[in-house]
Amino acid sequence: MPRTRSLAWSELKIGFLALAAIVLAVFLVFLVGGQGGLFAREYHLKSRYTNVMGLKEGGLVRLGGVEVGQIERIEFAGAEIEVTMTLQQAMQDKVTTGSRAAIGSLSLLGEGVVDITASTSGEPLSEWSYIPTARQAPPLGDVAAGASEGLEELTTILRGVRQGEGTMGKLFTDEAVYRELSGLLETADRVVASVNRGRGTLGQLVNDPAAYKALRASLEDLQAATRRINAGQGSLGRLLHDDAFARSLTATTKNLDEVTARISRGEGTAGKLVTDDALYKRLAAVSQGLERLVARLEAGEGTAGRLLHDRQLYENMDGAVRELRGLLADIRSDPRKFLNVRVSIF
């Protein structure tokens, strides 16, 4: 029977070194990939998205831009996608109900990551809690499509401008519009120059200290009048602040309302005039009679009409009046001449 060969010390040393290297390699792997070391304590959080935009298991989880964990699992939960994350428990007090989770990327076209905003307000999220999600940025394809549409619209607008469409197109292609705009600018320059030279009301206001002082004095007077009104001075001030004056005005208004109501009900002369058809017809008849009388006078009919239009009649009446005045004067001066009484006895 053959003897069992004993292991040499050199062979044992090689085995120990290989085992130590394996243990060291495993330790380094956990140290680099575990975000906190082999013996770091961890806890789990979840979030849900409608689109994870290429997020993968094993991806990074960042808190304020600092790597604090990794994505453990991605699976569908109904119409949404649930992402389970493993985070360092030392960061639990910085991930609260005020934090938000959003999907980002390491670079413009790099690997997807979950970015969490750090927050000190709110309560820390416990194990397996759902962290609220922030508004997701549109996918890069949507952004590119929107940019493409915008460029197409801009190209269409520029093409229309080159063809003279719209106000901008006419400004670039129509000489008449250009001349009108140039004239408008020249007019504006002249107006500004006139204002700077102190011409016109605006120019005087800008350059003349006296005009400025007058305007300032007017504003001060207006402020003084406003203060007087607020202090209850004057009629307007009393109207705003004096209760007795306000009551008197209210009473006057009520009386006016009562008079208006009486007129509307047909009471009194004014009310009958407004509401009584018979009175209105009589007044209309009187007015028509006056119109006919005036028409006859203007036509020279009757004594008054002839007096207005016949010069000879006017002169005769004027002469008779003068003779009557002379007769009355003679009677007053010598009444015996006209009052001669004779008495005869049979």
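**Figure 1. Just after helix H8, glycine 266 adopts a positive phi of about 85 degrees.** This is a predicted model, so local features need pLDDT of at least 70 and side-chain atom pairs count only at pLDDT 80 or more, while totals for chains, interfaces and linings use all residues. Residues are numbered from 1 along each chain as its sequence is written, and side-chain values use heavy atoms, with hydrogens and water left out. Helix H8 itself covers residues 243-265; helices (H or I, at least four residues) and strands (E, at least two) are DSSP runs, numbered from the N terminus. With 23 residues at 1.5 Å a residue, H8 should span 33 Å, and its end C-alpha atoms sit 32 Å apart, which agrees. The expected span here is 1.5 Å times one less than the number of residues.

**Figure 2. The whole protein, before zooming back in.** There are 12 helices and seven strands to find your way around. Buried residues account for 16% of the 346 residues, where buried means under 20% relative accessible area, exposed means over 50%, and partly exposed is in between (1.4 Å probe, protein chains only). The accessible surface adds up to about 26500 Å², and carbon and sulfur atoms own 59% of that. Accessible areas come from the Shrake-Rupley method with a 1.4 Å probe, and for residues only the protein chains shown count as cover. Take the contacts (heavy atoms within 4.5 Å): of those between residues at least 6 apart in sequence, 51% join residues at least 24 apart.

**Figure 3. Seven strands line up as an open, mixed sheet.** Reading across, the order is S5-S6-S2-S3-S4-S1-S7. The edges are strand S5 (101-105) and strand S7 (129-130), each of which pairs on one side only. Two strands count as paired if DSSP finds at least two bridges between them. At the S5 edge, five bridges tie S5 to strand S6 (residues 112-116), and the two run antiparallel. Follow alanine 102 across and you land on its bridge partner in S6, aspartate 115.

**Figure 4. Strand S2 (residues 60-63) has buried side chains pointing both ways.** Leu60 and Arg62 point one way, Val61 and Leu63 point the other, and all are buried. In a regular strand, side chains alternate between the two faces of the sheet. To S6, strand S2 runs parallel, with three bridges between them, and valine 61 has valine 114 as its bridge partner there. To strand S3 (residues 66-77), S2 runs antiparallel, with four bridges; here arginine 62 is matched with glutamate 67. The S2-S3 hairpin has two residues between the strands, and glycine 64 takes a positive phi near 60 degrees in it.

**Figure 5. Arginine 73 makes salt bridges to glutamate 72 and to glutamate 75.** A salt bridge here is a side-chain nitrogen of Lys or Arg within 4 Å of a carboxyl oxygen of Asp or Glu, and a search of the whole structure turns up seven. For the glutamate 72 pairing, the closest N and O atoms are 3.7 Å apart; for glutamate 75, the N to O distance is 3.4 Å. Arginine 73 is partly exposed, at 28% relative accessible area. Glutamate 72 is partly exposed at 34%, and so is glutamate 75 at 35%.

**Figure 6. Arginine 216 and glutamate 220 form a salt bridge within helix H6.** The closest N and O atoms of the pair are 3.5 Å apart. The two residues lie four apart, about one turn of the helix. Arginine 216 counts as partly exposed at 47% relative accessibility, and glutamate 220 is also partly exposed, at 41%. Elsewhere, salt bridges that share partners join Lys46, Arg48 and Glu82 into one network.

**Figure 7. A nonpolar patch on the surface draws on helices H5 and H6.** Its members are Leu202, Leu205, Val206, Tyr212, Leu215, Leu219 and Leu222, with about 670 Å² of accessible area together. Patches take residues with over 30% relative accessible area and no salt bridge, joining like charges within 9 Å and nonpolar side chains (Val, Leu, Ile, Met, Phe, Trp, Tyr) within 5 Å. Helix H5 (200-207) and helix H6 (209-230) each chip in at least two residues, but H6 has the largest share, with four. Valine 206 sits in H5 and is exposed, with a relative accessible area of 53%.
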